[in-house]
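Trainee: I would like a close look at one part of this protein. Please take a single helix and the spaces beside it, and then work outwards from there.

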Amino acid sequence: MTLKARLIWTALGAVSIAFHLWLVFSGLVPNLVSRPLHMALAVPFVLLFAPKSAFQRWSGPPIAVLGIAAAGWVAWNAEALGDQYGYLSSDFQMGVALVLIAVTLEMARRAIGWPLPLVAALALAYAVWGQGIPGEFGHPGLPMASLFGTLTIAEGGLWGKLTGVSVSVVAIFVIFGAVLNAGEAGQGFMNVAAAAAGRLRGGAAKVAVLSSALFGSISGSASANVASTGAITLPAMTRLGYPRALAGAVEAVASSGGQIMPPLMGAGAFVMVELTGTPYSDIMMAAILPALLYFVAVWVGIDAYSLRYALKGLAPEDRPAARAVAITSAFFLVPFTILLWGMFWLKVTPQYAASLAILAGALLLLLDGRLTFDVRRTARRLEEACTNAGRQIATIASIILCASIIVGVLGLTGLGVKITSLILSGSGGYLWPALVLTAIACLILGMEVPTTAAYVICVSVAGPALSHLGLPPLLAHLFVFWYALLSTITPPVCGAVFIAAGMVGENWLKVAMSAMALGLGLYLVPLGMIANPALIGLAAEPGHALVAAVKVGAALSAISFGVIAPFNVLLRAALVAGGAVLLFV
């Protein structure tokens with residue numbers, strides 16, 4: 001990339017950062033202004049940054065101009081449009097609406113591929129022609145001016161609650177992660193992990209688990225986690241003689257945990273706030289014990305594998321000095337402390353606390369692990385933070401805008417209620433069969449669309465059914481969110497496994513088999529939450545929550561050893577059976 005292009009993208013990223021921080025510090029801005037501008041800022045990064053084909057190169061600029069103009073028109077005319085109550089009053093407005101929807105679908109396609117925009121396109125087709133479907137799955141029909149108006153000029157559809165979460169909260173935490181990643185925080189995570197676990201049996205693998213848990217708390221992306229921490233941990237494991245399939249599996253499984261690890265949870269936590277009405281701090285407290293149990297299960301699985309293979313720890317010369325650990329850990333501890341201080345001591349909103357932490361993280365970009373300052377290094381870090389923040393905000397915006405179309409159609413046509421009724425009838429009115437049906441739907445949908453989008457779509461149709469069967473809303477949402485993540489390590493579509501297998505040079509299916517054994521917690525912890533609801537009650541009843549965590553942790557450990565360790569068949573069967581009884585009783 002030329003210097004001029006780098007400057008342009010850095011400037012655009014800086015504008016995006018400044019806009020979203022300004023929204024936090026400036027107070028209330030009308031939703032029909034902030035949300036379309038959020039889309040307008042995302043358009044260039046998705047449609048113009050690093051085109052992958054000649055078609056994308058020549059088609060990107062005109063589509064971007066149309067998208068920015070249409071979104072800007074909505075923001076400029078927000079006050080007048082608010083009086084139309086979602087009804088398009090002219091052919092020009094219909095044209096703007098169709099442009100917005102088409103650009104949204106194309107943004108999602110370029111950002112994450114065909115599946116999600118195809119689902120959205122099918123939902124739109126159902127909204128337009130669904131009245132022709134006989135039986136209960138048809139609908140009475142919707143006036144086109146009302147359908148497309150509700151989706152594009154009212155605070156529903158594109159500019160609904162999900163996009164509001166992307167604008168006001170997700171973008172801020174994405175900026176927070178981009179700023180920390182541009183500095184020494186990543187090295188700090190690695191140093192802390194190496195110092196804590198490097199000398200243990202299977203130490204190189206356990207370093208991957210700890211570093212991925214720490215890094216995942218700010219990245220929220222399994223793929224980004226594998227690519228970053230895996231660049232260090234995978235060579236270390238293979239150099240020490242770890243089987244390549246196991247090394248890849250360790251990194252894929254550990255990295256997948258970033259999407260269930262507070263505070264980010266792959267943007268899912270913030271969407272959950274809006275959909276459940278539960279304060280963010282409560283969701284973070286509810287999610288922390290299950291997330292830790294997931295990593296405990298991976299840790300125990302590594303111990304079980306160490307009985308099968310000689311899994312060595314890191315050599316002393318590969319472990320960081322205490323001074324390096326102390327200094328580099330400050331690069332993530334200081335911003336995280338400010339974040340928690342803001343939320344729990346000052347009692348400000350999560351996005352306001354994160355904005356304060358961003359300012360602290362930006363100041364730390366001036367220094368390196370030796371506490372020296374260099375102008376060029378700082379400029380390079382600022383460029384990286386701006387560009388990555390702009391790109392990541394745009395990618396998440398593309399996903400959420402597209403998912404918002406689907407959610408809008410489900411509400412407008414009543415299809416969501418009909419699918420909920422189908423789940424209830426298919427389960428016979430019993431909770432566990434409904435959970436199985438929901439888990440299968442999450443796995444299938446999660447194979448094709450990102451975790452957050454899969455969660456939003458699944459919970460929109462299955463959440464009411466689970467709540468109707470007596471499951472508390474937050475528990476239902478956490479269950480769906482966890483199972484939407486299954487596809488990161490479950491064949492045939494397992495993104496984290498593919499990346500790790502490529503980096504380690506091993507057959508992806510071998511890596512996937514080891515990953516599913518190591519990642520048993522991903523399949524079992526949601527069931528443990530249902531069977532032991534106290535597990536998510538750390539804020540209200542910490543004693544009961546910790547007891548439930550010990551019980552579920554013991555069950556996961558027994559099952560993990562039964563599946564992985566080289567014991568005789570009877571002992572392994574007894575461990576799995578005993579663990580299952582402990583998990584569900």
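Mentor: What follows starts with helix 8 and then moves to other parts of the chain. The model is a predicted one.

Helix 8 runs over residues 161–182. Two of its residues, threonine 163 and serine 166, are a convenient way in. Threonine 163 is buried, because its relative accessible area is 1%, and buried is the word for anything under 20%. The side chain of threonine 163 has a polar atom 2.5 Å from the backbone oxygen of leucine 158. Leucine 158 is also on the contact list of threonine 163, once neighbours within four places in sequence are left aside; the other entries are Arg35, His38, Ile400, Leu401 and Ser404.

Serine 166 has a relative accessible area of 2%, so it too is classed as buried. With neighbours within four places in sequence left out, serine 166 is in contact with His38, Ala171, Ile396, Ala397 and Ile400. His38 and Ile400 therefore touch serine 166, and both are also among the contacts of threonine 163. A further link to a distant stretch of chain is given by alanine 394: its C-alpha atom is 9.8 Å from that of serine 166, although the two positions lie 228 residues apart in sequence terms.

Helix 8 also borders open space. The second largest pocket has a volume of about 490 Å³. Its lining is made up of 23 residues, and those closest to the centre are Gly164, Val167, Ser168, Val169 and Gln351. Two or more lining residues come from each of helix 1 (3–26), helix 2 (31–47), helix 8, helix 13 (268–276) and helix 16 (350–364). Helix 8 contributes the most, with 6 residues. Sorted by class, the lining of this pocket holds 12 nonpolar, 8 polar and 3 charged residues.

There is an enclosed space to consider as well. The structure holds 1 cavity of 30 Å³ or more, and the largest cavity contains about 40 Å³ of space. Its lining consists of Val179, Leu180, Gly183, Glu184, Ala185, Phe331, Gly361, Leu364 and Leu365. Helix 8 and helix 16 each supply at least two of these residues. By class, the lining of the largest cavity has 6 nonpolar, 2 polar and 1 charged residue. Helix 8 and helix 16 thus appear in the lining of this cavity and in that of the second largest pocket.

Next, helix 17, which spans residues 375–413, is one of the helices that the buried residues of helix 7 pack against; the others are helix 3 (54–76), helix 5 (91–112) and helix 6 (115–129). Helix 7 covers residues 144–152, and its buried residues are Ala145, Leu147, Phe148, Gly149, Leu151 and Thr152.

The cysteines can be dealt with briefly. A search of the whole structure finds 0 disulfides. For cysteine 402, the nearest cysteine sulfur is that of cysteine 458, 15 Å away. Cysteine 402 has 0% relative accessibility, so it counts as buried. For cysteine 458, the nearest cysteine sulfur belongs to cysteine 442, at 3.6 Å. That pair is not a disulfide, because the cut-off is 2.5 Å between sulfur atoms. Cysteine 458 is buried too, at 5% relative accessibility.

Another buried position is alanine 287, with a relative accessible area of 5%. Alanine 287 belongs to helix 14, residues 280–306. Apart from neighbours within four places in sequence, alanine 287 is in contact with Ile260, Pro262, Met265 and Leu478. Methionine 265 is 22 residues away from alanine 287 in sequence, and their C-alpha atoms are 9.0 Å apart.

Last come some backbone details in loops. Alanine 50, in the loop between helix 2 and helix 3, has a positive phi of about 50° without being a glycine. Alanine 50 counts as partly exposed, at 49% relative accessibility. Lysine 347 likewise is not a glycine and has a positive phi, of about 65°. Lysine 347 sits in the loop between helix 15 (322–344) and helix 16, and is exposed at 63% relative accessibility. Finally, the peptide bond from proline 491 to proline 492 is cis, with omega near 10°. Proline 492 is in the loop between helix 21 (473–484) and helix 22 (495–504).

Terms used:
Residues numbered from 1 in each chain as written. Predicted model: local features only at pLDDT ≥ 70, side-chain atom pairs only at ≥ 80, totals over all residues. Heavy atoms only, no water. Buried < 20%, exposed > 50% of the residue type's maximum accessible area, 1.4 Å probe, protein only. Helix = DSSP H or I, 4+ residues; strand = E, 2+ residues; numbered from the N terminus. Contact = heavy atoms within 4.5 Å. Polar contact = N/O pair within 3.5 Å; in protein donor to acceptor, adjacent residues only side chain to side chain. 1 Å grid on protein atoms, 1.4 Å probe; cavity = no way out; pocket = protein on both sides within 12 Å on 5 of 7 lines; lining within 4 Å. Points joined across faces, edges and corners; volume = space filled by probe spheres on them. Nonpolar A, V, L, I, M, F, W, Y, C, P; charged D, E, K, R; others polar.
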